[in-house]
Amino acid sequence: MSERLPLSVFIIARDEADRIAETIRSVRDWVDEVIVIDSGSVDATVAVAEAEGARVVFNPWPGYGPQKRFGEDQCRNDWLFNLDADEVVTAGLAGEIRTLVGSGGHLAADGWRVMIRDVYAHEAEPAAWAYGYHQIRLYDRRKGRFSASTVHDTVRPEPGARLADLKGVVAHHSIRSLTFQVEKYNRYSTMQVNDMQARSRSLPRWRLVTEFPFAFLKAYVARRYVRYGWWGLVLSVNYAHARFLRVAKAYEAELRAARPPVDR
C-alpha cells in the first residue's frame with residue numbers, strides 16, 4: 001500500500017449501495033480518510049461503505065450545500081477532496097493528485113478545479129467528447145467552503161483565493177437508467193422551483209415556448225450529444241424536458257398563488 005496523503009475525502013450519499021463501493025475504492029488506498037455522510041439510506045449503503053473502509057456519519061438531509069458543509073466539518077484535515085457517490089477518480093487523476101500533494105505542489109493554489117465527465121451504464125469510461133464541467137473539488141477549507149444553498153453544491157472560494165486546474169478526470173456515473181434519470185430531474189426541478197420562490201425569483205412565461213427547443217439544441221450540439229448517435233438523441237430530449245419542466249412548474253406555482261380563495 002502506498003503512503004497515504006494528508007487529504008480527507010468526503011462523500012454525501014443516500015441509497016447508493018450499487019455505486020458507492022467503486023467511488024471509495026478509487027481513493028481509499030492513497031488518502032488519509034474517507035468519510036461518507038449518509039442521510040438515511042434504506043438499502044445497504046452504510047454496510048457497503050464501512051466494508052470498503054469508510055467512516056460513516058449520519059445526518060438528516062438538510063439540502064445539498066448544507067450537507068456538504070456538514071461533511072467538511074467531519075474531516076480531520078484542512079485539505080479536502082469532495083466526491084459524489086456516483087463519481088469515480090480515474091487512474092490518471094489519482095496519479096496526478098498523488099504526485100502533486102506528495103511533492104507539496106498543491107500548495108501553489110488554494111483550490112483545484114477538476115474536470116467531471118459523464119459516463120453511461122453501457123460505457124467503461126467517459127468518451128473523449130463526453131460532456132464535462134470544471135468544479136473545485138480539491139481545496140483548503142480555510143480558503144473556501146461549499147455554499148449554504150440547498151440546491152446548488154459549489155465551493156465558494158474566499159476573496160483572493162488562488163485557483164488552478166487539474167488535468168485528470170472524474171468519471172460521473174450519473175444515470176443508472178432512464179427511469180432513474182427522469183425521477184431525478186423531476187425531483188430536482190421541484191427543488192429548483194422551491195428555491196426560486198424562497199428567493200422571490202420568477203421566470204418569464206415566454207420561456208414555456210422557447211425552453212425546450214433551445215435546451216435541446218444546447219444538449220445536442222453544444223454538449224456534443226450528437227456524437228453518441230441515437231443515444232445522444234435520447235439524452236438531448238431528456239435534458240430539454242428537464243429544463244422545460246422547471247419552467248412549467250414555476251408557472252404552475254404562479255397559478256396556484258394567484259388562485260382566489262374558495263368560499264366555504
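This briefing covers the sheet, the helices that pack on it, helix α6 and residue Q192. The model is predicted. Its eight-stranded sheet is open and mixed in pairing, and helix α6 has buried residues along one side.

**Sheet**
- The strand order is β3-β2-β1-β4-β7-β6-β10-β5.
- β3 (55-58) and β5 (87-89) are the edge strands; each has a single partner, so one side of each lacks a neighbour in the sheet.
- From one strand to the next, the twist averages 35°.
- Strands β6 (residues 111-118) and β7 (residues 132-140) run antiparallel and are joined by seven bridges.
- R117 has G132 in β7 as its bridge partner.

**Helices on the sheet**
- Helix α3 (residues 64-74) lies across β1 (5-13), β2 (31-38), β3, β4 (79-84) and β7, and runs at about 140° to β2.
- Helix α4 (residues 91-102) touches β1, β4, β5, β6 and β10 (163-172), and its direction makes about 145° with that of β10.

**Helix α6**
- The buried residues of α6 are R207, E211, A215, F216 and A219. They lie on the same side of α6 because they cover an arc of only 150° around the axis.
- These buried residues pack against α7 (230-258).
- V209, F214, V221 and A222 are exposed on the other side of α6.
- Helix α6 (residues 207-222) spans only 20 Å between its end C-alpha atoms, whereas a straight helix of 16 residues would span 22 Å.
- R224, which follows α6, has a positive phi near 65°.

**Residue Q192**
- Q192 sits in helix α5 (residues 178-198).
- Q192 counts as buried because its relative accessibility is 17%, under the 20% cut-off.
- Beyond its neighbours within four places in sequence, Q192 contacts V151 and R246.

How values were computed. Residues are numbered from 1 along each chain as its sequence is written. This is a predicted model: local features need pLDDT of at least 70, side-chain atom pairs count only at pLDDT 80 or more; totals for chains, interfaces and linings use all residues. Side-chain values use heavy atoms; hydrogens and water are left out. Helices (H or I, at least four residues) and strands (E, at least two) are DSSP runs, numbered from the N terminus. The expected span of a helix is 1.5 Å times one less than its number of residues. Buried means under 20% relative accessible area, exposed over 50%, partly exposed in between (1.4 Å probe, protein chains only). The arc is that of the directions from the helix axis to the C-beta atoms. Contact means heavy atoms within 4.5 Å. Two strands pair if DSSP finds at least two bridges between them. Axes are lines fitted to C-alpha atoms, for helices over the stretch in contact, and angles run from 0 to 180 degrees between N-to-C directions.
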